[in-house]
Amino acid sequence: MARLFLGLDSSTQSLSAIVIDTDTRRIVYEGSLGFDKTLTHYGTRNGTLRSPDPLVVHSPPLMWAEALDVLFGQMKKEGVPLGDILAISGSGQQHGSVYLNDRAADALAKLNPAKNLVENLRGVFSRATSPIWMDSSTSAECAEIREALGGVKATAQQTGSDTFERFTGPQIRKFYKTETASYDNTKSIALVSSFMASILAGKIAPIDHGDGAGMNLMNIQSKTWHPDALEATAPNLNAKLPPLAESWKIIGKVSPYFVTKYGLNPDAQALVWSGDNPCSVIGLGLIEEGNVAVSLGTSYTYFGCMKQCRVDERGEGSVFGAPTGDYMTLICYTNGSLACERIRDQYGLDWKGFNRMILASPPGNNGGILLPWFEPEIVPRVNKPGIHRFNLDPKDAAANCRAIVEAQTMSMRIHSGWMQIKPTRIYATGGGSVDSAILQIMADVMNCPVFRIEVSKSAALGAALRAAHGWLVHNGDKPAWPEVVAGFTDPIPNSEVKPNPTTVRVYDKLVEQYAQREQEALGSGAGWR
Ligand code: XUL
């Protein structure tokens, strides 16, 4: 019998699965279903329900449950040897919250395989929809909690991050303030990750330290619920939160529902789930401090493992628990690939043309600098969007294309300073990582080799690897993380982009000028406070 482990990823737009065989070190199955396309009856757009208020973004939790049924059905139909799976874990979009009433625990314990998950779970919600990470409607609550905790620095020191609109605590506070009776009817609050884990385990699941840190409710040092944060958020919150747990905790055997219906092994173990970013740390093999990932997608993220807890006292970045038991750092940019797209479109280019333009201007762009805040930005916090050009002719396509990429990369160098981690290897993922000109700028600005890594599903892979690790721990082993991930997380062969020493010196100077320009722009009112 093969030793298989299943990792699921409940993301904003889809549910994905990866099955790994730890003996052959191979991925034996990858599958995915998109919510909009497969579960059309929920009427989601990109997995979300939009409200007349553009700041409010929710998703239906029943849709996530139904997706589990569909994906397990798909795996069974495709002949995945589900009976050989020893343990299951998962990854969830971070921060989103699910509100359960007093019928939930019982319904989870008695999932009836003669019915589907929707029929089993329809009556268990005290709030029909779940606010997700794209919801930014809680500025007032952020301010209230931040003030109660003693300001930006104190909030970051205590919870790992300043209060952010998408974080769960401010979202819970808004629910309590605006729908008090429904809040009172809430017996248990779950994250997307712990909700999905609860279904698989047939009981209310703990929240792991990785996803727990994305709530503004956990003490980042002690990794316990923080009484002051709970009190600043909503009454009786402690009683509504599940326990916190290490990321390798086994909740118990999988619910008999999945055994009867899909042929899972009755002894298969259900682990706690974590957030997608903590899972990606594992799925990308970022076990050593200094190995960082840059994900160049719709938004850009820069993250990596951190052995000691250091927080960003300016409140731009976040610290979460890493599934290794260490910490992880994250900075998340709103103006990622969409900002490049705006510049690209301004000059009527396609991506190839954008790349050609970057190469047509010299590194350092002759001193031309762009501050690319098309949308409100998180890093640095900018609430008045705007494009600022210095020594840069708006008509010069080449200089503007290079300027935006240099700006994004210089910003990463400047705003990752609080992590006190000089990167030794950067793994680039996401759509933008196919552009070699972008990777060269990154290598030169960061003075660090950049490798491409092909991971469309780093979060699901990380979850599968976490399942393998948790199962080994449960069986008395002490698996070292580098051994757990070995063979699964190698960069694309020959993809290394090396820094060029001459260009590195050019950027050392330009970074200082960029930081100064940024300060000027923030000082003149673009900033957040
Ligand atoms: C991280 C964040 C996003 C979501 C996306 O803080 O909000 O990366 O986790 O799923």
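**A walk from the sheet to the ligand**

Start by selecting strand β23, residues 425–429: β23 pairs with β24 in the parallel sense, over three bridges. Keep in mind as you go that this is a predicted model. To see one of the pairings up close, pick Ile-426, whose bridge partner in β24 is Val-450.

Now widen the selection to the whole sheet. Six strands make up this open sheet, and reading across you meet β19-β20-β18-β17-β23-β24, with mixed pairing. Colour β19 (318–321) and β24 (450–452) next: these two stand at the edges with a single partner strand each, so one side of each has no neighbour in the sheet. Rotate the view to look along the strands, and you can follow the turn between neighbours, which is 25° on average, direction ignored.

Next, add helix α14, residues 276–283. This helix lies across β18 (300–306), β19 and β20 (327–333), and its direction relative to β20 is about 115°.

Finally, show the ligand. Which residues surround it? Select Gln-93, Gln-94, His-95, Trp-133, Arg-166, Asp-276, Asn-277 and Leu-330. Sorted by class, this shell holds two nonpolar, four polar and two charged residues.

Three distances to oxygen atoms of the ligand are worth displaying:

- Arg-166: a polar side-chain atom lies 2.8 Å from a ligand oxygen.
- Gln-94: here a backbone N or O atom lies 3.1 Å from a ligand oxygen.
- Asn-277: an N or O atom of the side chain is 3.1 Å from a ligand oxygen.

To finish, switch on the surface: the ligand taken alone exposes 290 Å², and the protein buries 92% of that.

Note on methods:
Residues numbered from 1 in each chain as written. Predicted model: local features only at pLDDT ≥ 70, side-chain atom pairs only at ≥ 80, totals over all residues. Heavy atoms only, no water. Pairing = 2+ DSSP bridges. Helix = DSSP H or I, 4+ residues; strand = E, 2+ residues; numbered from the N terminus. Axes fitted to C-alpha atoms, helices over the stretch in contact; angles between N-to-C directions. Contact = heavy atoms within 4.5 Å. Near = heavy atom within 4 Å. Polar contact = N/O pair within 3.5 Å; in protein donor to acceptor, adjacent residues only side chain to side chain. Areas by Shrake-Rupley, 256 points an atom, 1.4 Å probe, with all protein chains shown as cover. Nonpolar A, V, L, I, M, F, W, Y, C, P; charged D, E, K, R; others polar.
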